Each structure stands twice: as C-alpha cells, then as structure tokens.
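Welcome! Let us walk through this structure together, starting with the whole chain and then moving to one part of its surface.

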Amino acid sequence: MADPITLGLAALVLLVVLIAIRMPIGYAMIIVGAGGIALVNGPTLLLSQLKTLAYGQFSVYDLSVVPMFILMGELAVVAGLSQALFRGANAWLGWMRGGTAMAAIAGCAGFGAVCGSSLATASTMGKVALPELKRYNYSGALATGSLAAGGVLGILIPPSVVLIIYAIIVEANIVTMFAAALLPGILAVLLFLATIAIYVAIWPAAGPKGGAADRAEFRAATLGLLPVIGIFGLVLGGIYGGLFNPTPAAAVGVVLVWVYGALRGRVRLATMKTALLATAATTGMIYLILFGAELMKIFMSRIGLPQQAAAWIAESGLAPMMVMVLILLALIALGCLMDSLSMILLVIPFFWPMLMELNGGLYQGAEGSGFGMATDDLKIWFGILALIVVELGLITPPVGMNVFVISALARDTPMIETFKGVLPFFLAEILRVALLLGFPALTLWLPDMLGG
C-alpha cells in the first residue's frame, strides 16, 4: 500500500475532481470515503461500518437542533423579519452619509442571528435593501459589496448551524460555542460599520445621505424592531441564562417566528408547507454530507494520515502559532472552492487532531505548553477562527458565493464592481482575524465568565 500521505492526497484530489464535475459533495465524499475503506481494509469492513454508521451518527440528540434552527430561518424569510429589521435600522442610521448601507449591515446581522445562513441572509436582505440603496443613488460597488459582506455575518452570529456542526465534530459544548461567537460577531458588525464610514469619507458620492424619518415613521420603525429583538433575546438569553438547552431554544424560536409571521398574515398553510419542504431538503443535504464526511474521516484515520501529518508538523520545527496561521490560510483558499459546511466537515477532522497534538494532547494542554491554553479553550478559539476564515471564502474570488447571489439581484452592477466593493470588508475581516489571533481573550472571555 502507498504511504498515508500519498494515498490521502490522492483521495483528496479525486474528491476535488468529483466536486469540479458538479457531483454533489455528499455523494463525492461517500464515494471517496467508502472506496478508500474498501481499498485499504476490504469490503467486509466497509459493510460492517455501513450497517450501523448512519443510525449511530444521526440518532445523536445534539443533531436535532439543526432542522429546528433551519426551520426557524425558513420561517423568518416568509414572515418578513428582514423588512422590519432593515426599516428599523434605516430609521436610526439612514440620515447619515453611508447610513443606508450601514442599516443594511445591521439588518444582515439581525437577520443572520435569526436565520443562521449566510446565503439566505445575503439573498433576503439584498431583495429588501437594494431598492433603497438604488433610490438614494449609492454606488453599485458599495451597495452590492456591503450586502455581500453583510451576508457572511449569518454564519457566525449565533444561532449558527455551521457552528453547531463544528461543536459536534470536536465534541465541544454548543452553548459554549454560541457564547464564544457573540463578541467576535459584534466585532465584525462594528468593523463593517467603520469600513462604510471610512469608505464614504474617502468617496462621499458613493454613499449619499438618506432622508431623516419623521417622528411617526421613526416610532413605527422602532416598534417594528421590538418583536425581532424579543425573539432573538429570548432564544439566546434563554440559552445563556440556562433556561433551556439549544434544541428546546430552537423549538421556542420556531414557535415565536411562526406566531410573528401568522399575526402579520405572512405565514399561511401554503408558506408553512414551503418552509417545511425547504427545511427537509436542507436538512437532508446536511445529513448526507455529514455521513460522507464520517466515511472520509474513517478512511483517513485507517491510513493514519492525521497522525502522519501531525508527526510531520512536529518534526518541522514550526511554531504552533505559525501552524495555526498556515491552517487558516489553507481554509481561506478552500473556502473559494466549496461551501462552508462542506469545508468544515471535510477539514476540521483532519486539522483539529494536529492542533491538539501540538498543544500537548487531549489531557494536557496546560498553561505554557503548545498554544499556552487548555485544550478545551483551544477547541473554542480555533473554531471561531476557522468559521471566520470560512466566511471569507463567501466573498473571495473566483467563487465568492455571496457575490454571485447579490450579482443575480443587481443585474445592472457588473460583478467586478461587487468584488471591488467587497474588498474593504475583506480587509476588515483580516483585521478581525489578526485581533482574535493576537488576543484570544476576545473569544474566551464570555465562555469563561458564563462557565465560572
């Protein structure tokens, strides 16, 4: 048999080729993982694994939170939460130069917190905010760039499906991961708002001032925010306050969003059916990818690739922080080629054991060794950093899925303009990664406080 590095790299190349020819990534992972296991250990072991693998994986209670939060996001789309968020944010910020773009960012942050999907956030908020940005004569680059960038907030600001999947993979506490994501998520919003302020200070014509809302309009728009803030506050506040675990919290969120939409006359039998079918399709896709990723993980473990890679890293003499930077750069590059969930499922089982080994192993990781933190803290810190750089793939050429989504909505703006508009936000994200790398306490402070 070929050495583990050669065999593992050949499998990854085959996986990329299958994805490149448009095979769904779940099927591609299953083919490569199952084929690899059969090649290395024979078909008998493969059949033995397949007999119980799916049930053992999908009967995990923590996974039940995934369809609930997806349904919450689907209902949020049809309930009109995005309009209420943008209208309220625009009433507060729209009077400033660049204020309507800032309102779009604030709306994306709020909707992403309820929805949890970057692409859905970009698409939904784009439909709501683009007409207003055009009405106030914003430049195509700033209008589309701010919406494409704002969409990435959905992946990190809790509750986030990708964050939940990461926690399950590395066996982290979901509530702890939600707490760790809160401050970095807020930091992203603040940096994006500052980016727009700097942008319009340099190019004033790109973001003209909007009209100030009159008192009645301002009051109505602000009151429209209260139900959304209440839903978000009750779901996350209940989780952080220990009132309920993430799965009951997701159920509460689904009921609250449904009631909100029903009272507004937006959620009816037909729209409810649409939301349920979309939830089933998305959940099925996620579970299929999870199954394929598990087969890939078994294959990689059986050929010993993670262990070989960890040994190679240890012998290379590279400092742990340099290894972390190289991993983050690799994630940015991979993020340009595949969606965030698939990438997290594919690479985290490979990279995490390497980092754990560098930190002194599972039961060590004491202060002063490796990264200078306990392994549980490293698990949290790395997870937040990984999700942030995964976000960057959504706005980075040549793929940049959020850019494609917004470009499809703004057909009068060339895609190159959207990529130009996204660039300042990309730099803001790089600054956020640097801050979190340099100051891990920004990620670990809130989990430590809640845990203590």
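Here is a short tour, from the overall fold to a single residue.

Please keep in mind that what you see is a predicted model. A good place to begin is the secondary structure: the protein chain has 20 helices and zero strands. Its radius of gyration is 22 Å, close to the 22 Å that the globule rule gives for 452 residues, so the chain is as compact as a globular protein of that length. If you drew a box around the C-alpha atoms along the principal axes, that box would be roughly 75 × 50 × 50 Å.

Now look at how the chain packs. Of the 452 residues in the protein chain, 52% are buried. Take the contacts between residues at least 6 apart in sequence: 78% of them join residues at least 24 apart.

Next, turn to the outside. The protein chain exposes about 19000 Å², and 69% of this area comes from carbon and sulfur atoms. Which residues make a nonpolar patch on the surface? Leu183, Ile186, Leu190, Trp445, Met449 and Leu450 do, and their patch covers about 570 Å². Two elements each give two or more residues to this nonpolar patch: helix 10, spanning 174-202, and helix 20, spanning 441-451.

Let us finish with one member of the patch, Met449, which you can find in helix 20. Is Met449 buried, partly exposed or exposed? Its relative accessible area is 45%, and because partly exposed covers the range between 20% and 50%, Met449 counts as partly exposed.

How values were computed
Residues are numbered from 1 along each chain as its sequence is written. This is a predicted model: local features need pLDDT of at least 70, side-chain atom pairs count only at pLDDT 80 or more; totals for chains, interfaces and linings use all residues. Side-chain values use heavy atoms; hydrogens and water are left out. Patches are made of residues with over 30% relative accessible area and no salt bridge: like charges are joined within 9 Å, nonpolar side chains (Val, Leu, Ile, Met, Phe, Trp, Tyr) within 5 Å. Accessible areas come from the Shrake-Rupley method with a 1.4 Å probe; for residues, only the protein chains shown count as cover. A salt bridge is a side-chain nitrogen of Lys or Arg within 4 Å of a carboxyl oxygen of Asp or Glu. Helices (H or I, at least four residues) and strands (E, at least two) are DSSP runs, numbered from the N terminus. Buried means under 20% relative accessible area, exposed over 50%, partly exposed in between (1.4 Å probe, protein chains only). The radius of gyration is taken over C-alpha atoms; the globule rule is 2.2 Å times the number of residues to the power 0.38. Contact means heavy atoms within 4.5 Å.
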